[in-house]
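These are my notebook entries on one structure. I record what I looked up, entry by entry.

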Amino acid sequence: MNVLVTGGMGYIGSHTCVQMIEAGLNPVILDNLTNSKQAVLVRIEALTDKRPTFYQGDIRDKALLVELLQSENIEAVIHFAGLKAVGESVEKPLEYYDNNVNGTLVLLDAMREVGVNKLIFSSSATVYAESDIQPMNEEFPRGASSPYGRSKLMVEECLTDFQHANPDWSITLLRYFNPVGSHPSGTMGEDPQGIPNNLMPFISQVAVGRRESLSVFGDDYPTRDGSGVRDYIHVDDLASGHIAALQKAGNVAGIHTYNLGSGDGKSVFEMISAFSEASGKDIPFVVSARRAGDLAEYFADASKAEKELGWKTTRSLTDIARDTWRWQSQNPEGYPDDK
Ligand code: NAD
Ligand code: WQD
């Protein structure tokens, strides 16, 4: 089966492409490389003996989409492409709405034109409203708190309306919790440009000596050790969630929504300890003020995905820390720059 993977050169998309090839699926990647590098293709090939077909281009280019959906005989689309930095989205809302919302609408329009009617969309737990009740299931009230989060929420709503008007379509919304970890080979991983916004890449850059110390954003939350608690999910578990979604939900018309998380929350201090143990390095940290917009604690009720997709996470926090360290220590500066 030929599957268009938008954003397939990125962190989650690249790991998903490896598993797709291993599962006998044929990923065709479309990516504009705004947040990824060509070197990813070589790494996918080294792991799978297959270099996916790659188009460097933009999801907002409808003519390109129509051409490649037809010429590559695409049967389904996994749609990762988009911008994802919460803080940046506050500064640049137009770019976020254009890439994430408009980009998805252009993609949908192109798919409709050529008759491809299976879509898996990368959504986020950020679409849920703040809640004291945990874990969160798929029916929880929605309410985003940043332009990034709102862009995901808007896309979910557009896709839901579209599916209702086109009942033969299969559209799956996957709400990821906190993706972390790397391929166990240490050859592929998360490669943020500039100063990392997220906890795990920051910790691993401190461990490898690229940064002096980690700021722990608050130790006075009403959690078990005072630091923030999140549901961290290994990127390879996330990748296998996409294959399960494609193979199960993708064959049933409807709008399907699943949380992809482990169902278990870990604190910032627990992440530091796990990483320190896996790497054998001290992780110097200083406790600083809470980060604006952060919540104390949230994690997934992932039972719906287990029941309906037969999917659950299998990788532990120890696996996450070990695989991330392997990637970071073997590639201290991330992927090599494109020539
Ligand atoms: P990433 O930035 O590593 O990958 C996204 C890819 O999309 C990049 O390779 C980028 O070059 C490409 N891209 C961006 N805009 C594009 C456009 N207009 N046209 C073509 N390509 C474009 O991000 P990721 O972590 O792999 O995330 C993938 C998806 O999952 C995103 O939609 C993101 O919002 C969503 N998501 C990510 C997280 C997370 O914490 N990583 C959590 C929840 C949801
Ligand atoms: C995790 C915990 C921080 C950095 C983000 C997006 C979300 C989703 C996943 C896309 C929190 C603490 C962090 C640091 C710290 N992405 N922290 N020092 O904020 O839960 O989720 O990524 O959809 O939308 O908001 O992830 O990794 O930034 O933070 O103490 O340097 O680590 O306060 O408790 P977050 P994160």
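Entry 1: backbone atoms at the ligand. I looked first at I59 and found that one of its backbone N or O atoms lies 3.1 Å from a nitrogen atom of ligand 1. I note at once that this is a predicted model, so that each distance here is read as a computed value. For N32 I found a backbone N or O atom 3.1 Å from a nitrogen atom of ligand 1. At G10, a polar backbone atom is 3.3 Å from an oxygen atom of ligand 1. I then looked up how much of the ligand is covered: ligand 1 taken alone exposes 820 Å², and the protein buries 95% of that.

Entry 2: the shell around the ligand. Which residues come nearest to ligand 1? I found 27 residues around it, of which D31, N35, S36, N99 and Y148 come nearest. I sorted the shell residues by type and recorded ten nonpolar, twelve polar and five charged. I next asked which elements each supply at least two residues of this shell. They are α1, residues 11-22, β5, residues 118-124, and α6, residues 147-165. Strand β5 gives the most, with three residues.

Entry 3: a glutamate in α6. I turned to E156, which lies in helix α6. Is E156 buried or exposed? Its relative accessible area is 5%, and buried means under 20%; E156 is therefore buried. I looked up its partners and found a polar contact of 2.6 Å between the side chains of E156 and S123. With neighbours within four places in sequence left aside, E156 is in contact with S123, V127, L173 and R175.

Entry 4: the nonpolar cores. How many residues does the largest nonpolar core have? I recorded 39 residues, and those with the most contacts inside this core are I44, L260 and L309. Several helices and strands each supply at least two residues of this core, including α1, α2 (39-48), β6 (170-176), β11 (254-260) and α10 (303-309). I followed L309 further and listed what it touches, not counting residues up to four places away in sequence. The list for L309 is A244, A245, K248, A249, Y258 and K304. Apart from the largest core lies another, of 28 residues. I noted Y55, L65, A81 and V106 among the residues of this other core.

Key
Residues numbered from 1 in each chain as written. Chains lettered and ligands numbered in written order. Predicted model: local features only at pLDDT ≥ 70, side-chain atom pairs only at ≥ 80, totals over all residues. Heavy atoms only, no water. Near = heavy atom within 4 Å. Polar contact = N/O pair within 3.5 Å; in protein donor to acceptor, adjacent residues only side chain to side chain. Areas by Shrake-Rupley, 256 points an atom, 1.4 Å probe, with all protein chains shown as cover. Helix = DSSP H or I, 4+ residues; strand = E, 2+ residues; numbered from the N terminus. Nonpolar A, V, L, I, M, F, W, Y, C, P; charged D, E, K, R; others polar. Buried < 20%, exposed > 50% of the residue type's maximum accessible area, 1.4 Å probe, protein only. Contact = heavy atoms within 4.5 Å. Core = buried A, V, L, I, M, F, W, Y, C linked by side-chain atoms within 4.5 Å.
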